[in-house]
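Please look over the chain and its ligand with the briefing below, which is arranged by topic for use at the bench. The points begin with one pair of strands and widen from there.

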Amino acid sequence: MEASRIAQSIGFTLDRFIKNNQDQFQYASGELSQLLRDIALASKVVNREVNKAGLIDIMGPLGSQNMAGDDQQKLDVLADIRFTRALKKGGEVCALISEESESYEDLNNNGKYVIAIDPLDGSSNIDVNVSIGTIFSIYRRISKVGSPIQQEDILQKGSEQVAAGYILYGSSTMMVYTTGHGVNGFTFEQSLGEFFLSHPDMQMPDNGKIYSINEGQSNSFSESVKKYVQDCKDKKMTARYIGSLVADFHRNLLKGGIYIYPSTAKDPEGKLRLMYECNALAFISEQAGGMATDGKTRILDIQPTALHQRVPFFVGSKKMVELAQSF
Ligand code: P6P
């Protein structure tokens, strides 16, 4: 969308923005609107629960563990139920890959889309009132509509995403997404219950002065990561680590910066998940002029081999990721 057309759209609701731009979506336009509307609806419900987390008894671990081995907080489970239900009702999704479920969920055999989602990332921050987020990727199914879901539908490269986005439940609640034609951000207006376009055509600064990495694990960083972090310090950069991927990513998208979750002794493959964390943010970062690799390979080029596969993750301002990669 050329800048002027976008500028005129500021203040548009998410619905109207999608309708005005659905010609950009390479498939049947109405389906994208439906998918994004289903996701936005579920995020409004989750937002309401997140905003009162301290008030009603949905705090604290539920006792069970999710695929990542994290203690499952009740809000995680609630978010997973809400997104699954909304997407099932929408009828557009044939399979749902979620951090909270071991295998994919078969939703609707006539659906044309596959969704990978982290319903509530950063769950360890829920009960300390720090921003958390939802991350989602949308793929077109490969196998014939109406036929059983195939492995090829589920394990698609990030470069096959037709849309991706996140919802950040922060000081304000924002939805940021791309359909491959740039990145746009919408802020939730609580009293009206609507997302309004607030950040049109988001561009990630190609360089920055913020690095985001958990230095508590630095003893087990590779020599190259150690050297890059030292270089950031020599350049007197700012260290910022919220411990919530969506919040750290969103700040870097706005201000410029790099987020790194490298291979560590605890997580030799890295901690973050390719299918429902890294691919979506890699798509968004590239669409906003940034870059995302596993330290060597472009994230969107990695052929997934397992639903919950982990990868090292270097994402952010292009020049910073390139420099980190050169060490
Ligand atoms: P660590 C949260 O659990 C998460 O998946 C990301 O949101 C966050 O960036 C990262 O893990 C934090 O991990 O090992 O630094 O606590």
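In this predicted model, Phe-186 stands opposite Leu-197, a residue of strand S10, and Thr-187 likewise has Phe-196 of S10 opposite it. Strand S9, which covers residues 183–189, is joined to S10 by five bridges, and the two strands run antiparallel. The hairpin that S9 and S10 make has four residues between the strands, and in this hairpin Gly-193 takes a positive phi near 65 degrees.

**The sheet and the helices on it**

- The hairpin strands belong to an open sheet of eight strands with mixed pairing, whose order is S4-S3-S5-S6-S7-S8-S9-S10.
- The edges of this sheet are strand S4 (105–106) and strand S10 (194–199), and because each has a single partner strand, one side of each is left without a neighbour in the sheet.
- Helix H4, made of residues 74–90, packs on the sheet and touches strand S3 (93–98), S4, strand S5 (113–121), strand S6 (132–140) and strand S7 (161–169). The direction of H4 makes about 155 degrees with that of S5.
- Helix H7 lies across S5, S6, S7, strand S8 (173–178) and S10, and it runs at about 105 degrees to S7.

**Helix H7 and Phe-249**

- How many of the 11 residues of helix H7 are buried? Nine of them are, so this helix, which spans residues 245–255, is largely enclosed by the rest of the structure.
- The buried residues of H7 are Leu-245, Val-246, Ala-247, Asp-248, Phe-249, His-250, Arg-251, Asn-252 and Leu-253, a list that includes charged side chains such as those of Asp-248 and Arg-251.
- Phe-249, which is found in H7, has a relative accessible area of 1%, and Phe-249 counts as buried because that value falls under the 20% cut-off.
- Leaving aside neighbours within four places in sequence, Phe-249 is in contact with Tyr-166, Met-204, Leu-281, Ile-284, Ser-285 and Val-315. Of these partners, Val-315 is 66 residues away along the chain, yet the C-alpha atoms of Phe-249 and Val-315 are separated by 8.0 Å.
- Just after H7, the backbone at Gly-256 takes a positive phi of about 90 degrees.

**The ligand and its surroundings**

- The ligand is surrounded by 13 residues, and the closest are Asp-121, Tyr-241, Leu-245, Tyr-259 and Tyr-261. Leu-245 is also one of the buried residues of H7.
- Which polar side chains approach oxygen atoms of the ligand? A polar side-chain atom of Tyr-261 lies 2.6 Å from a ligand oxygen, an N or O atom in the side chain of Asn-214 is 2.8 Å from an oxygen atom of the ligand, and for the side chain of Lys-271 the corresponding distance is 3.0 Å.
- On its own the ligand has 400 Å² of accessible area, and the protein covers 85% of it.

**Ala-95 in strand S3**

- Ala-95 has its place in strand S3, and with a relative accessible area of 0% Ala-95 is buried, because the cut-off is under 20%.
- Residues up to four places away in sequence not being counted, Ala-95 touches Tyr-104, Glu-105, Leu-107, Tyr-113, Val-114, Ile-115, Ile-149 and Ile-154.
- Ile-154 is 59 residues from Ala-95 in sequence, while the distance in space, C-alpha to C-alpha, is 7.7 Å.

**Ser-147 in a loop**

- Ser-147 lies in the loop between S6 and helix H5 (151–154). Is Ser-147 buried or exposed? Its relative accessible area is 18%, and Ser-147 is therefore buried, as the value is under 20%.
- A polar atom of the Ser-147 side chain lies 2.5 Å from the backbone oxygen of Lys-144.
- Beyond residues up to four places away in sequence, Ser-147 touches Asn-109 and Arg-141.

**The chain as a whole**

- The chain has nine helices and 15 strands, and 54% of its 327 residues count as buried.
- Among contacts between residues at least 6 apart in sequence, 63% join residues at least 24 apart.
- The accessible surface of the chain comes to about 13,400 Å², and carbon and sulfur atoms account for 49% of it.

Conventions:
Residues are numbered from 1 along each chain as its sequence is written. This is a predicted model: local features need pLDDT of at least 70, side-chain atom pairs count only at pLDDT 80 or more; totals for chains, interfaces and linings use all residues. Side-chain values use heavy atoms; hydrogens and water are left out. Buried means under 20% relative accessible area, exposed over 50%, partly exposed in between (1.4 Å probe, protein chains only). Two strands pair if DSSP finds at least two bridges between them. Contact means heavy atoms within 4.5 Å. Axes are lines fitted to C-alpha atoms, for helices over the stretch in contact, and angles run from 0 to 180 degrees between N-to-C directions. A residue is near a molecule or strand if one of its heavy atoms lies within 4 Å of it. A polar contact is a pair of N or O atoms within 3.5 Å; within protein, one must be able to donate a hydrogen and the other to accept it, and residues adjacent in sequence count only if both atoms are side-chain atoms. Accessible areas come from the Shrake-Rupley method with a 1.4 Å probe; for residues, only the protein chains shown count as cover.
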